[in-house]
Amino acid sequence: MRPFQEALEIVLGQVRPLQKVESVPLTAAYGRVLAMDIAAREDIPVADNSAMDGYAVRTADLPDEASCRERPLRVVEVLAADHLASSALKSGEAMKIMTGAPIPPGADAVVMVEHTRLEGERVWIGKPPREGNHIRVAGGDMRKGEIALVKGTRLTPATVGMMAALGYADVPVLRAPQVGILATGDEIVEPTAPLTPGRVRNSNSYSLAGLVSQAGAVPHLMGIAPDSEESLKTSLQAGLAEHDVLITSGGVSMGDFDYVKRLVDEVGLKVHFRTINMKPGKPVVFGTRGEKLFFGLPGNPVSSMVVFLQLVRPALMKAMQQPDLGFRTLQAPIAEPFSKTDGKRHFLRGVLHPGPEGTLQVRLTGDQGSGLLHSMGRANCFVVIAEDTQRIEAGDAVTVQLFEGEPLPA
Ligand code: AMP
Ligand code: MG
């Protein structure tokens, strides 16, 4: 049985970062990993422009309150966002300007329309503007030649927007790992099948598909393989041939029909370990064939998700050249005591929530049975209890791993 940390290191030691690059349209770029540095090819914004709807003015005309009161400006032109002024702004003049419109030559400030009063063609300015007020300078967002986005960036909504602003319709990204997901078990049926005694609906394939997508890889559902040697072998062969990573669920524990565990050698996998000193998730087969990775996850719905998040996700992250392989981790006091004597690393399902006076606290989701999918459904974090810890008291600080996409509670 492998210590958890050792198992993780073995897995990461087998991962070769994917190098192939492909081009995807902007609408498909979210969540993908940028394959090269992206330099700005021009200044963005391209010209000094107005940050407000208002009036472009010369600050020299309005040095103090008195000049504002006594000297209205003559409005000589109206500048829509795409409109270049026909002449430079002269002393005593203003141009009405819309947000985004280029600043006319001669102007050095914009006064918000809310701070002005228009009478016919004359405008009174409420108080003396300062040079540069409400002007967005050329290159103020991204400067020509500057590296705006670095290789390896996981594209977020904001960085996809930056790519668009930089003039890209297609984005060079790393090819995402293709992950085959195979459920196993004679009792497993697809979600629409009626439940009769002895049947279990396939939830694992769908939870795992979500986790794969969340990690930025591409899930390929391969259906359910029955517990028979021939069909399972065929599915394993196909799964390894067609994907970078193959994940199975079920068939790796001590039952008479747990064939996955027995067939891994026969399909040419080099097996690195078969059990891990963790709970849930003790039976886990990890194998490799060339650069392909195989994870035989346990069948219990919670176990398969826990092992995915603890071992498979870091492997996918490394394959995608991501620097952060793990969770956002913090310490928080736990609401209830917990005991164990099995010497395993436990991954309890928890809810991190606000405590008194801006503190954070964590409580468990209740019964921690590895078949209880609702305990994952309610959780926003894992509480990690170390191998050698036997007892935790209420109020003790524990290590909390926050699930991706969960905001830190306020
Ligand atoms: P096994 O390791 O194959 O004995 O599976 C352990 C437990 O997980 C059994 O109760 C299975 O019915 C259950 N299980 C296995 N595969 C799935 C699946 N795809 N979806 C939901 N439960 C599963
Ligand atoms: Mg089974």
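This note covers the domains of the chain and the contact between domain 1 and domain 4.

1. Basis. This is a predicted model, where local features need pLDDT of at least 70, side-chain atom pairs count only at pLDDT 80 or more, and totals for chains, interfaces and linings use all residues. Residues are numbered from 1 along each chain as its sequence is written, and side-chain values use heavy atoms, without hydrogens and water.

2. Domains. The protein chain has domain 1 (4–18 + 176–319), domain 2 (21–43 + 155–174), domain 3 (49–136) and domain 4 (328–402). These bounds come from an automatic or database domain assignment.

3. Contact. The centres of domain 1 and domain 4, taken over C-alpha atoms, are 26 Å apart. Each side gives residues to the contact: 17 from domain 1 and 17 from domain 4. Contact means heavy atoms within 4.5 Å.

4. Area. About 1400 Å² is buried between domain 1 and domain 4. Carbon and sulfur atoms give 64% of that area. Buried area is the accessible area (1.4 Å probe) that two parts lose on being put together, summed over both. On the domain 1 side, Asn277, Lys279 and Val302 supply 38% of the area buried against domain 4, more than any other three residues.

5. Salt bridges. The count between domain 1 and domain 4 is zero. A salt bridge needs a side-chain nitrogen of Lys or Arg within 4 Å of a carboxyl oxygen of Asp or Glu.

6. Elements. Helix H1 (4–14), strand S19 (278–279) and helix H7 (301–319) each give two or more residues to the side of domain 1 that touches domain 4. H7 gives the largest share, seven residues. Helices (H or I, at least four residues) and strands (E, at least two) are DSSP runs, numbered from the N terminus.

Terms used: Chains lettered and ligands numbered in written order.
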